[in-house]
Amino acid sequence: MTIISSRCALAVAVAVCFAAPAQAQSQTDTVVISGSRFASDPSLLPIGATTISAADIRRAGVSDVNQAIRKIGGVYGRQSLTGSPDFGLDLRGFGTFSDQNVVIVLDGVRLNENEQLAATLSTIPIDRVQSIDIMRGGASVLYGEGATGGVIRITTKRPQAGERSGNVFTEAGQFNSSEVRASLAQGFDSYAFDLSAGHQRTDNYRDNNDFKQSRINGGVQFNTGVGRFSLRADIARQDQRFAGGLSEGQFLLEPRQTLTPNDFGKLDSDRYTAAWEHKVGAFDLAAELSHRQKESEGVYSGFKSAYDSKQTQFSPRVRHLGQFDGLLNELVAGFDFSRWNRVTHAFFSAADVEQRSKAFYLRDEMKFSGPQQFRLAAGVRRELFDKDSADSVPFGANYSQKQAHNAWEAQGSMLAAPGLTAWAKVGQSYRVANVDDNAFTPVPGKPLETQVSHDAEIGLGYAAGDAKLDARVFRHKLDNEIYFDPTIFVNTNLAPTQRKGFELDGSYRLAPEWQVQGHFQQVEAEFRSGPNAGRELALVPKNILTVRLAWLPADGQSADIGVQRVGKQRYGSDFDNSCDARMPAYTVVDGRYARKFGQWELALSALNLFDKDHYSQAFSCRGGIYPNSGRQLKVSARYDF
């Protein structure tokens with residue numbers, strides 16, 4: 001693993017995931033998106049998914065997509081190493097490389113790339129987000145490599161004909177933080193546009209941890225006789241300073257200090273996307289073409305490094321939705337093509353790396369009529385990779401490699417009783433070693449093996465009136481799991497490992513003005529065999545509980561409070577469980593109170609309300625600690641028009 005990396009992997013995905021009660025939609029967006037990324041019958045929505053609505057985001061007062069996924073969706077996040085608000089997101093306990101085991105999709109375009117850096121969700125305009133779907137569990141048939149932990153799908157709003165909306169937002173808070181953003185959307189009979197811009201800055205909690213970001217996002221959509229076309233541009237500029245790690249003693253003495261006062265970096269990213277969708281009889285056609293250019297550089301302990309990368313991805317697909325004597329059948333087929341290149345300029349590497357991939361997937365789902373509403377689905381995927389790396393520095397990573405990998409899945413569900421759905425899923429998913437994984441390996445120039453996971457899940461979902469509850473038991477048995485070993489400072493393939501556990505999601509309206517929702521995860525992550533057989537994997541909390549309570553009276557007031565409890569976990573280097581301590585458990589509370597005055601809304605919010613000293617990143621026994629933020633109070637004003 002490189003300490004700070006830069007980040008064609010393509011995307012996509014397909015097919016249909018599985019049934020659940022239909023989610024509510026905003027009146028400004030009448031499109032329902034199924035697992036196949038087509039506008040779909042509500043009965044084909046993914047089962048067991050956690051859905052975050054635009055109303056949830058507004059009420060909680062979160063400032064970016066990453067924060068919404070953590071605070072509202074209950075996903076565990078690890079402190080960013082760069083001061084960015086883009087925390088590492090971890091579905092089902094994948095530790096150091098959790099980001100590489102979750103696929104993130106924005107309006108059908110995959111944001112993950114062939115690097116170790118997390119997707120920069122902070123550049124997505126939060127005011128334009130319609131919904132966020134969190135789908136836990138293996139999904140490589142639908143979304144390709146890296147989807148063992150799950151998929152997070154972000155859908156933005158589409159302006160409707162005759163609709164005009166917009167807002168201006170400003171916020172100021174502790175740690176010299178401030179943000180200004182604005183958005184505008186206008187729909188006409190045959191076309192629409194949206195435009196958003198924002199600037200934020202903060203000194204952050206720690207010394208030498210400043211973060212600044214400016215972005216502009218815009219798109220146009222055209223409805224024609226041959227389908228709907230859209231063009232989009234997302235441009236962002238980031239400046240960051242790196243506070244570095246601390247020992248336990250240094251953390252206890254002063255968690256805000258830094259030992260790296262001169263380390264800093266920057267990231268420039270431009271992404272352009274074209275999309276098309278069209279319906280011909282019973283067939284739906286769709287495709288996205290996306291191109292991204294990124295330049296990043298940093299200075300660490302006086303040494304400078306820079307990365308220039310490009311990616312292009314193309315994902316055409318087709319769906320046939322048919323009704324046959326009471327049987328609803330959805331057949332989806334598609335291709336994913338990607339091309340990714342990065343050039344490194346640093347004392348430790350001059351690598352010119354390219355990865356090309358192409359995939360074909362096919363998935364069929366059937367829903368039977370009758371009181372049990374039986375559903376069966378099966379899918380397969382074949383993906384080919386072609387990798388080349390040329391590095392002129394001594395011991396650089398030089399290799400040329402071709403790979404072919406398969407994924408499959410089978411799923412079934414039924415209505416076991418009124419309001420009670422039961423389901424089962426099995427499948428195989430995989431993760432391919434990326435350029436940063438292969439840059440530092442036990443044998444220089446020898447790429448790592450592909451990580452393969454055999455996934456299984458059974459669950460029950462209950463929905464009735466104002467109550468909804470989903471319970472899942474899962475297991476992932478992995479071979480050649482790709483992991484960072486800080487004891488020898490290389491990326492490696494682990495001996496066989498597994499994740500098994502239990503998840504519970506629920507929401508309930510206690511009264512017309514009160515609503516509660518929560519997520520609980522218990523996971524056991526351990527070695528199945530090898531010298532560490534039976535021992536726990538590092539950086540995986542066994543228990544995580546997130547609960548939010550919302551107060552929504554009809555007089556323009558609103559309040560929202562959230563609590564997250566994270567259990568103890570092994571330090572990052574503790575593969576043999578010999579460290580005499582574990583990372584401490586912690587509980588953090590955040591809250592927000594808002595009041596509307598006509599088109600204005602004023603709000604007061606607090607993060608880590610009780611100023612709990614804690615950390616979620618620690619790469620060695622009692623060391624390599626990256627402290628999380630202390631208490632931060634903010635005030636904001638928003639005007640809607």
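R92 sits in the loop between β3 and β4 (102-106), and this residue makes a good way into the predicted model shown above. Its backbone has a positive phi of about 70 degrees, although R92 is not a glycine. Most residues other than glycine have a negative phi. With a relative accessible area of 1%, R92 is also buried.

A second residue can be set beside R92. Phi of Q373 is near 50 degrees, again a positive value in a residue other than glycine. Q373 belongs to the loop between β17 and β18 (375-390). Is Q373 buried or partly exposed? At 38% relative accessibility, Q373 counts as partly exposed.

**The chain as a whole**

Let us step back to the overall fold. The chain has 5 helices and 33 strands. Its C-alpha trace spans about 65 × 55 × 45 Å along the principal axes. For 641 residues, a compact globule would have a radius of gyration near 26 Å, and the 23 Å of this chain agrees with that. Of the 641 residues, 57% count as buried. The accessible surface comes to about 24,800 Å², and 59% of that area belongs to carbon and sulfur atoms.

How far apart are the mean positions of the positive and negative charges? There are 71 positive and 72 negative charges in the chain, and their mean positions are 1 Å apart.

**Salt bridges**

The count of salt bridges comes to 56. Three of them are set out here, with the distance between the closest N and O atoms.

| Residue | Partner | N to O distance |
|---|---|---|
| R78 | D90 | 3.0 Å |
| R136 | E503 | 3.8 Å |
| D284 | K279 | 3.6 Å |

Take the pair of R78 and D90, which form a salt bridge with 3.0 Å between the closest N and O atoms. R78 lies in strand β2 (residues 76-78) and D90 in strand β3 (residues 88-90), so this contact ties together parts that are 12 residues apart in sequence. Are these two partners buried or exposed? R78 counts as buried because its relative accessibility is 2%, and D90 counts as buried at 4%.

Next come R136 and E503, whose salt bridge has its closest N and O atoms 3.8 Å apart. This pair links distant parts of the chain: R136 is in strand β6 (residues 129-136) and E503 in strand β25 (residues 497-511), 367 residues apart. Both ends can be placed by their accessibility. R136 counts as buried at 7%, and E503 counts as buried at 0%.

In the third pair, the side chains of D284 and K279 meet at 3.6 Å, N to O. D284 is buried, since its relative accessible area is 9%. Salt bridges can also share partners, and in this way R58, D127, E179, R181, R592, E601, R638 and D640 are joined into one network.

**Patches on the surface**

Which residues form the nonpolar patch on the surface? They are L289, F314, L331, F335, F337, F360, L362, V380, W408 and V426, with about 830 Å² of accessible area together. Strands β16 (327-346) and β17 (352-368) each supply at least two residues of this patch. The largest share, 3 residues, comes from β16. One of the patch residues, L362, is found in strand β17. L362 is partly exposed, because its relative accessible area of 35% falls between the 20% limit for buried and the 50% limit for exposed.

There is a charged counterpart to look at too. D207, E254, D611 and D613 gather in a patch of negative charge on the surface. Of these, D611 is placed in the loop between β30 (600-607) and β31 (615-620). At 34% relative accessibility, D611 counts as partly exposed.

**One more pair of residues**

K468 is found in strand β22 (residues 467-479). With a relative accessible area of 30%, K468 is partly exposed. How far is K468 from R509 in sequence and in space? The two are 41 residues apart in sequence and 9.6 Å apart in space, C-alpha to C-alpha.

Conventions: Residues numbered from 1 in each chain as written. Predicted model: local features only at pLDDT ≥ 70, side-chain atom pairs only at ≥ 80, totals over all residues. Heavy atoms only, no water. Helix = DSSP H or I, 4+ residues; strand = E, 2+ residues; numbered from the N terminus. Rg over C-alpha atoms; globule rule 2.2 N^0.38 Å. Buried < 20%, exposed > 50% of the residue type's maximum accessible area, 1.4 Å probe, protein only. Areas by Shrake-Rupley, 256 points an atom, 1.4 Å probe, with all protein chains shown as cover. Lys, Arg positive; Asp, Glu negative; His and termini not counted. Charge placed at Lys NZ, Arg CZ, Asp CG, Glu CD. Patch = residues over 30% accessible without salt bridge, like charges linked within 9 Å, V, L, I, M, F, W, Y side chains within 5 Å. Salt bridge = Lys/Arg side-chain N within 4 Å of Asp/Glu carboxyl O.
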